[in-house]
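Q: I'd like to learn how to read a few features straight off a model. Could you walk me through some, one at a time?

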2 protein chains.
Amino acid sequence: MDSFVVGVDIGGTGTKFGIVDNVGNVLFSSEISTKKHEQVHTFIDELHEKLSELIDKVGGFGRIKGIGVGAPNGNVYTGNIEYAPNLPWKGVIPLAKMLQDKFRLPVKLTNDANAAAVGEMMYGAAQGMKDFIMITLGTGVGSGIVANGQLIYGHDGFAGELGHTTIIPEGRMHPGTGKKGCLESYASATGVTNTAIELLASSERPSLLRGVPYEQLNSKVVFDAASKGDEIAKEVFDFTGEILGRALANFVMFSSPEAIILFGGLTKSGDFLLKPTREHLEANVIQIFQNKVKILVSHLKESDAAILGASALVWDM
Amino acid sequence: MDSFVVGVDIGGTGTKFGIVDNVGNVLFSSEISTKKHEQVHTFIDELHEKLSELIDKVGGFGRIKGIGVGAPNGNVYTGNIEYAPNLPWKGVIPLAKMLQDKFRLPVKLTNDANAAAVGEMMYGAAQGMKDFIMITLGTGVGSGIVANGQLIYGHDGFAGELGHTTIIPEGRMHPGTGKKGCLESYASATGVTNTAIELLASSERPSLLRGVPYEQLNSKVVFDAASKGDEIAKEVFDFTGEILGRALANFVMFSSPEAIILFGGLTKSGDFLLKPTREHLEANVIQIFQNKVKILVSHLKESDAAILGASALVWDM
């Protein structure tokens, strides 16, 4: 009898989960709120209840090989979520152990971007690659690095915090870390909004964005304006792409990946973002790296990608 | 009968080589000029002649397991030296194959900084570590990255060009690459000299360095002046350490190493360089990395370290 695995992707707002077969089909999936659970215990209770319903549909717990979990600040070595700023549960949460006790199944936990990288390697744009970097451009900037066909975890499980590398010394302040000029302060949804506000404030040039109320100014709105030919909106992406390209150039000179896979909301900006990103990547690497590295956008179905990535951890156990 | 390996370290000026036993003793060693050989063939002939004398001393070619070679721009996948700016031989040199044909022994070639990293892992400061970064601070800045106990080569063998990562956008021009603001433009022997010149030119403050002729101004002279309390000389190291610390912070957030091992001439500047380096590393990493990463100076005997590193490649074959 075929066996299946469970993938769970914990985000700050919601948690998605699903049953995955051994060729990467998400057979059944569902979602619960993360945010509403102030206590991790009630979260686990609800996850158990909802997930059990899906597990029953594929023949019960006996058919499940294990549970893979991607979570912000998830640590593969300890199975803990450690000091995740965007989750309701503070401090160190031994989530893998808690899930193992509740479900009586093997559990493997890692950070969400690492899980996404494994998903791309098994089912997505990185199939067959041994060296690539996965960058998630969402509310924040996450990353997973694969070298020699393995995820780079570092000595403590925290490798791949590329969103926090400094690109512009003394640049824009990151409110979460207090550090200045990191990639995440520019190449995230929040970063794009802040760049738009800065550009609008720095001149009186006309722009479609001037009519948008402050709290509605987001990367989608900027993209729509750019699509209509708005110059300031296009400059927002030019600047974002410049910073991202500079950052990617440094990453390339670190691990010389075959490809960089981009994932997440910002990639919907398409060539408005990708064109300047490619240009500035090429302009900032030395000759031996030029015109070698592919920049690919993940083609996994967005709703499935996170579940697939997390589930892929289990096949690797 | 015990077997031995040969380590060869090819530099722009000279090539060192030696016979190494399986616990890392350099039994016999010697050196020839690289520079004087305009043709790689005459270089190989002289290397064969001088190395054969050493091999005879340990009982002949039958006792030799193989030859490990560290060379600038050496590529482990192809066995070639590719476009090395500091060597007399231009273009692509299939050195591993040429040596194999000449010596009739297995040959493994990689870049010099990768070889040094393997040497540190087997015999030096990185013994027992699975995740560390080796940085060589010499005329240039080289690097070797070990993660999961393996060297990171990247998809094409060129991973670990950390000296060329951009630390100061639009910063000091690198004459070899044309890129601005890379680590090597600051944290190398040349970089220290240039920083000294810039600081001397920017004020009329008294300094011991003002009496030094331009062509004699090097990192040793700056160190001697700093040791005598010279303020400008100390500022040269403060600035160099700031750039190096900022760079190391980015590297830490990439692969989360247990330690960074520093090697090469600049490390002789001791705490004048290491203290600001540590401070700026800590100031530029996010919280989960703070007060975790060791900065260690290689304690391998300098004359042996390069040979040991190259030889260690063979035990790994």
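A: Sure, and keep in mind that this is a predicted model. Let's begin with burial, where you count the C-beta atoms around a residue. A:N73 has 20 C-beta neighbours inside 10 Å, so it counts as buried, the cut-off being 20 or more.

Q: Where does A:N73 sit in chain A?

A: A:N73 is in the loop between β4 (64-71) and β5 (81-82) of chain A. Look at its backbone too: A:N73 is not a glycine, yet its phi is positive, about 60°.

Q: What about B:E170, buried or exposed?

A: Same kind of count, and the cut-off for exposed is 12 or fewer. B:E170 has 8 other C-beta atoms within 10 Å, so it is exposed. You'll find B:E170 in the loop between β10 (150-151) and α4 (189-201) of chain B. Its phi is near 60°, again a positive value in a residue other than glycine.

Q: How do I read a residue inside a strand? Take A:L137: which residues is it in contact with, leaving aside its neighbours within four places in sequence?

A: First place it: A:L137 belongs to strand β8 (residues 132-137) of chain A. It is buried, because 28 other C-beta atoms lie within 10 Å. Setting aside those sequence neighbours, its contacts are A:A187, A:S188, A:L262, A:G264, A:G265, A:L266 and A:T267. One of these, A:A187, is 50 residues away along the chain, but its C-alpha atom is 6.8 Å from that of A:L137.

Q: Now helices. How is a packed pair described?

A: You give two things: the angle between the axes and the distance between them. In chain A, try α5 (residues 219-227) and α6 (residues 231-255): the axes come within 7 Å and cross at roughly 120°. That makes α5(A) oblique to α6(A). The crossing of α5(A) past α6(A) is left-handed.

Q: Which residues of α5(A) and α6(A) make that contact?

A: From α5(A) it's A:V222, A:A225 and A:A226, and from α6(A) it's A:A233, A:K234, A:V236 and A:F237. Sorted by class, the contact of α5(A) with α6(A) has 6 nonpolar, no polar and 1 charged residues. As for spacing in general, an α-helix has 3.6 residues a turn, so residues three or four places apart point the same way.

Q: And what is the angle between α5 and α6 of chain B?

A: About 120°, with the axes of α5 (residues 219-227) and α6 (residues 231-255) of chain B 7 Å apart. The two are therefore oblique to each other. Here too α5(B) passes α6(B) in a left-handed crossing. B:V222, B:A225 and B:A226 of α5(B) meet B:A233, B:K234, B:V236 and B:F237 of α6(B).

Q: How can I check the length of α6(B)?

A: Compare the expected span with the model. At 1.5 Å a residue, its 25 residues should span 36 Å, and the end C-alpha atoms of α6(B) are 36 Å apart, which agrees. For burial, 20 of the 25 residues of α6(B) are buried, so call it mostly covered. Just after α6(B) comes B:S256, with a positive phi near 40°.

Q: Last one: how many residues does each chain bring to the contact between chains A and B?

A: There are 34 residues from chain B and 34 residues from chain A. On the chain B side, the largest share, 6 residues, comes from α6(B). That side divides into 14 nonpolar, 12 polar and 8 charged residues.

Note on methods:
Residues are numbered from 1 along each chain as its sequence is written. Chains are lettered from A and ligands numbered from 1 in the order in which they are written. This is a predicted model: local features need pLDDT of at least 70, side-chain atom pairs count only at pLDDT 80 or more; totals for chains, interfaces and linings use all residues. Axes are lines fitted to C-alpha atoms, for helices over the stretch in contact, and angles run from 0 to 180 degrees between N-to-C directions. Helices (H or I, at least four residues) and strands (E, at least two) are DSSP runs, numbered from the N terminus. Angles under 35 degrees count as roughly parallel, over 145 as roughly antiparallel, 65 to 115 as roughly perpendicular and the rest as oblique. A crossing is left-handed if the near helix is turned anticlockwise from the far one by less than a right angle, and right-handed if clockwise. Two residues are in contact if their C-beta atoms, placed from the backbone, lie within 7 Å. The expected span of a helix is 1.5 Å times one less than its number of residues. Ala, Val, Leu, Ile, Met, Phe, Trp, Tyr, Cys and Pro count as nonpolar, Asp, Glu, Lys and Arg as charged, and the others, Gly among them, as polar.
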